[in-house]
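Ready for a few hands-on exercises? Work through each task with the viewer open, then check the solution below it.

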Amino acid sequence: MFETFFAILPVFLLVLVGFASAKTGWLPDGAGHVLNQYAVRIAVPALLFAAMVRLDFSQAFAPPVLLAFYAGALACFVLGFAISRLVFSGSPERAVAVGFAATFSNTVLLGLPITDRVYGDAELTVAYGIVSIHALTVYTVGMTAMEFAHPDNGDKRHRIAAGLRRIVGNPLLAGVAAGIVANLAGLPLPQPIMMAIDMLAASAIPAALIGIGVSLSTLRIRSELSETLIVCGLLLIVHPALAWTMGRFGLGLGETQIRGATLLAAMPAGVNAYLFALLYDRGVRLSASVVMVSTMLSIFTITGWIAFLG
């Protein structure tokens with residue numbers, strides 16, 4: 001257990017560096033924004049592009065693996081929505097934001113480096129297959145549910161357009177798409193270009209993790225603690241448990257596939273959960289709390305899942 005904990009600890013130490021640097025003022029005002037923009041718009045897309053160019057699609061895009069992960073994610077969305085409506089008497093729109101927070105795990109910025117440190121290339125290939133369609137899939141579910149839940153007050157076209165712009169304009173999705181096209185088309189990429197891309201990719205994870213810490217320093221744990229903890233339970237316990245159960249008993253996945261899908265499902269909420277709540281102005285305080293609390297708790301729950309998976 002201690003070996004597992006120390007294997008993932010460097011990842012969270014970089015998050016702590018970002019958090020402490022922002023809180024103490026060691027990073028000047030605005031530095032966090034610049035760092036996040038660099039990571040999300042340049043370095044991480046380069047990382048995903050390089051991964052997609054070299055990816056073995058036959059191993060990465062196994063439908064049973066995707067089904068295990070995304071069926072579990074959809075179940076958590078429904079559970080989060082139902083709990084918000086039935087237990088906490090939330091409005092339909094707020095319940096959708098809660099369901100989204102229970103679904104959008106931090107697969108890229110935490111999932112990829114932790115999978116790489118703990119397991120290696122085989123499980124990382126599984127993770128890349130899941131990550132490549134993550135934002136598109138979860139945002140589509142969340143936006144569709146919100147349009148059904150939201151009263152028709154005349155601004156539906158504006159909301160749909162804003163949501164579509166967020167998806168299409170996502171730099172991470174652009175990096176994935178460009179890499180897939182280059183891979184499938186067999187485009188020859190000159191060595192100097194690939195070397196430059198690899199240099200950017202090498203900076204992606206450290207910059208992104210410190211950026212997460214800076215972002216967490218601006219969020220606050222609000223009063224909805226009981227609901228926050230329930231959503232964190234869906235993210236950190238229920239989703240990976242469903243992915244593991246389906247992979248083990250329902251879909252007959254191999255050990256590598258089970259480990260890759262389960263560990264990725266065990267990640268805490270991504271900042272996109274908070275951004276989605278801001279987009280629709282529903283459940284904003286709760287989503288901020290979920291991102292903060294789930295990230296802190298995940299240090300221990302991820303350690304437990306890795307020990308369980310072996």
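A disulfide is a pair of cysteine sulfur atoms within 2.5 Å. Keep in mind that you're looking at a predicted model.

**Exercise 1: Cysteines**

Find the sulfur of cysteine 232 and work out why cysteine 76 is no bonding partner for it.

*Solution.*
- Start with the distance: the closest cysteine sulfur to that of cysteine 232 belongs to cysteine 76, and it is 12 Å away.
- Now hold that against the cut-off, which asks for sulfur atoms within 2.5 Å. The gap of 12 Å is too far for a bond.
- Zoom out, and a search of the whole structure turns up zero disulfides.
- Check the surroundings too. Cysteine 76 is buried, with a relative accessible area of 0%, and cysteine 232 counts as buried at 2%.

**Exercise 2: Salt bridges**

Which parts of the chain are linked by the salt bridge between aspartate 198 and arginine 54?

*Solution.*
- First, the contact itself: the two side chains, aspartate 198 and arginine 54, come together at 2.9 Å, N to O.
- Next, place them. Aspartate 198 sits in helix α11 (residues 191–216) and arginine 54 in helix α2 (residues 31–54), so distant parts of the chain, 144 residues apart, are linked.
- Then look at exposure: aspartate 198 is partly exposed at 29% relative accessible area, while arginine 54 counts as exposed at 53%.

Now try another one: where do glutamate 93 and arginine 282 lie?

*Solution.*
- Their salt bridge has its closest N and O atoms 3.6 Å apart.
- Glutamate 93 is in helix α5 (residues 92–101), and arginine 282 is in the loop between α14 (271–280) and α15, so the pair ties together parts 189 residues apart in sequence.
- Glutamate 93 counts as buried, at 9% relative accessibility, whereas arginine 282 is partly exposed at 24%.

By the rule used here, the structure has five salt bridges. Arginine 248 and glutamate 255 make one of them, at 2.6 Å, N to O.

**Exercise 3: Aromatic rings**

Decide how the rings of phenylalanine 57 and phenylalanine 61 are arranged: stacked, tilted or edge-to-face?

*Solution.*
- The count comes to 12 aromatic pairs.
- In this pair, phenylalanine 57 and phenylalanine 61 have ring centres 5.3 Å apart and planes at 75°.
- Planes over 60 degrees apart count as edge-to-face, so that's the label for phenylalanine 57 and phenylalanine 61.
- Tryptophan 244 and phenylalanine 249 get the edge-to-face label as well, because their planes meet at 85° and their centres lie 5.6 Å apart. Here tryptophan 244 counts as buried at 19%, but phenylalanine 249 is exposed at 64%.

While you're on rings, pick out the aromatic cluster formed by Phe100, Phe104, Tyr139, Phe276 and Tyr280. Also have a look at arginine 259, which lies over the face of tyrosine 119, 5.3 Å from the ring centre.

**Exercise 4: A nonpolar patch**

Which elements give two or more residues to the nonpolar surface patch?

*Solution.*
- List the members: Ile221, Leu225, Leu229, Met296 and Leu297 make a patch of about 420 Å².
- Match them to elements: the ones giving two or more residues are α12 (225–250) and α15 (284–309).
- Take leucine 225 as your test case. This residue lies in helix α12 and is partly exposed, with a relative accessible area of 41%.

How values were computed:
Residues numbered from 1 in each chain as written. Predicted model: local features only at pLDDT ≥ 70, side-chain atom pairs only at ≥ 80, totals over all residues. Heavy atoms only, no water. Patch = residues over 30% accessible without salt bridge, like charges linked within 9 Å, V, L, I, M, F, W, Y side chains within 5 Å. Areas by Shrake-Rupley, 256 points an atom, 1.4 Å probe, with all protein chains shown as cover. Salt bridge = Lys/Arg side-chain N within 4 Å of Asp/Glu carboxyl O. Helix = DSSP H or I, 4+ residues; strand = E, 2+ residues; numbered from the N terminus. Buried < 20%, exposed > 50% of the residue type's maximum accessible area, 1.4 Å probe, protein only. Phe/Tyr/Trp six-rings, centres within 6.5 Å; stacked < 30°, edge-to-face > 60°. Lys NZ or Arg CZ within 6 Å of the ring centre and 35° of its normal.
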